[in-house]
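Let's take a walk through this fold together, going from the packed rings to the cores and then out to the loops. Keep the viewer open as you read.

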Amino acid sequence: MRKLTQDDPYFGLAEIKSWLRLGDNSSEDDVVAQCLNAAVDFYENATGLYLRKTKFSARYTESPIELVVRPWKEINSAKDDDDADVSVTRYEAAGEVTRLEWDSIGLGALNIEFTVGITNDLGTGRGDIPDTSAQAVRAITADCYVNRNFENPVRLYPGSIAAGMLFGEARTSV
C-alpha cells in the first residue's frame, strides 16, 4: 500500500506544548511539531487506527484481501489493469478487519484507491479520536521530545510504558 494523501495531525501545537509544560516559548515549536508528526505516524502504523484522513492506493492480484486499517471511509476507485471499473464487495470481518472481494479469476488484478481515518470535517478539535489514543500520542510525543538529544536512536515502543499500555486498547484482535 502506498499513501497518496494524508491530513495534518488534528492535535494543536498549543495542546502538545501545554502537555510538555513548555509555556509560550516558541523556540522549540519546530521540534515539538516534528515529534508530534512522528508520534502520530508511529501510532497509526503500530495500531492500524488512522487518526487522520488518509488515502491509499494498492494493487492486489487475488481475492479476497483483508486490510487492517480503520476506520474505513470509502473506496475511491477500483479498476483492473486495463483501467476498467471493477465491482468490489466490502465486508467487516472479525477484529475490525475490512475484507474486500472481487472476481479476480475473471477480471484479474485490482488497482484500488481507498480512504480510511478519523475525519475532522468541522476543522476544529480532534474530532472522534478516542481519549486513550490522544493520550498515547501525547506520551509518544513526550518521549520523542525528552529523548531528542540522545546519540543512539530512541525506541519509542516499548520504551514508553504509558504509550505501551495505551496501545493495547487500539490494536485489533488479528
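A good place to start is a group of aromatic side chains: Tyr 50, Phe 56, Trp 72 and Phe 114 are linked into a cluster by ring pairs. Bear in mind that you're looking at a predicted model. The structure holds three aromatic pairs. Take Trp 72 and Phe 114: their ring centres are 5.1 Å apart and the planes meet at 15°, so this pair is stacked. It also ties together distant parts of the chain, since Trp 72 belongs to strand β4 and Phe 114 to strand β7 (residues 110-116), 42 residues apart. Are these two rings buried or exposed? Trp 72 has a relative accessible area of 13%, so it is buried, the cut-off being under 20%. Phe 114 is buried as well, at 0% relative accessibility.

Now for the nonpolar cores. The largest one has 20 residues, and the members that touch the most others are Phe 11, Tyr 43, Leu 51, Ile 129 and Val 137. Helices α2 (29-47) and α4 (131-146) each put at least two residues into this core. To get a feel for the packing, click on Val 137. Leaving out residues up to four places away in sequence, Val 137 touches Phe 11, Leu 36, Ala 39, Val 40, Tyr 43 and Leu 51. There is also a second, separate core of 17 residues, and here you meet Trp 72 again, along with Ala 58, Val 86 and Val 116 among its members.

Next to Val 137 in the sequence comes Arg 138, which does something else. The charged end of Arg 138 sits over the ring of Trp 19, 5.4 Å from the ring's centre.

Let's move on to a hairpin. Strands β5 (residues 89-93) and β6 (residues 97-101) run antiparallel and are joined by five bridges. One of the paired positions is Ala 93, whose bridge partner in β6 is Val 97. Three residues lie between the strands, and one of them, Gly 95, takes a positive phi near 80°. Glu 96 has a positive phi too, near 60°, and this one is not a glycine. Glu 96 also sits in the loop between β5 and β6. With a relative accessible area of 46%, Glu 96 is partly exposed.

Where else does a residue other than glycine take a positive phi? Look at Arg 21, with phi near 60°, in the loop between α1 (13-19) and α2. Its relative accessible area is 78%, so Arg 21 is exposed, the cut-off being over 50%.

Two prolines deserve a look as well. The peptide bond from Ser 63 to Pro 64 is cis, with omega near 0°, and Pro 64 lies in the loop between β2 (54-60) and β3 (65-67). Further along, another cis peptide bond joins Arg 70 and Pro 71, with omega about -5°. Pro 71 is in the loop between β3 and β4 (72-79).

What does Ser 104 touch? Ser 63, from the cis bond above, is one of its contacts, together with Thr 61 and Glu 62, again not counting residues up to four places away in sequence. Ser 104 belongs to helix α3 (residues 104-107), and it is buried, with a relative accessible area of 16%.

Key: Residues numbered from 1 in each chain as written. Predicted model: local features only at pLDDT ≥ 70, side-chain atom pairs only at ≥ 80, totals over all residues. Heavy atoms only, no water. Core = buried A, V, L, I, M, F, W, Y, C linked by side-chain atoms within 4.5 Å. Buried < 20%, exposed > 50% of the residue type's maximum accessible area, 1.4 Å probe, protein only. Helix = DSSP H or I, 4+ residues; strand = E, 2+ residues; numbered from the N terminus. Contact = heavy atoms within 4.5 Å. Pairing = 2+ DSSP bridges. Phe/Tyr/Trp six-rings, centres within 6.5 Å; stacked < 30°, edge-to-face > 60°. Lys NZ or Arg CZ within 6 Å of the ring centre and 35° of its normal.
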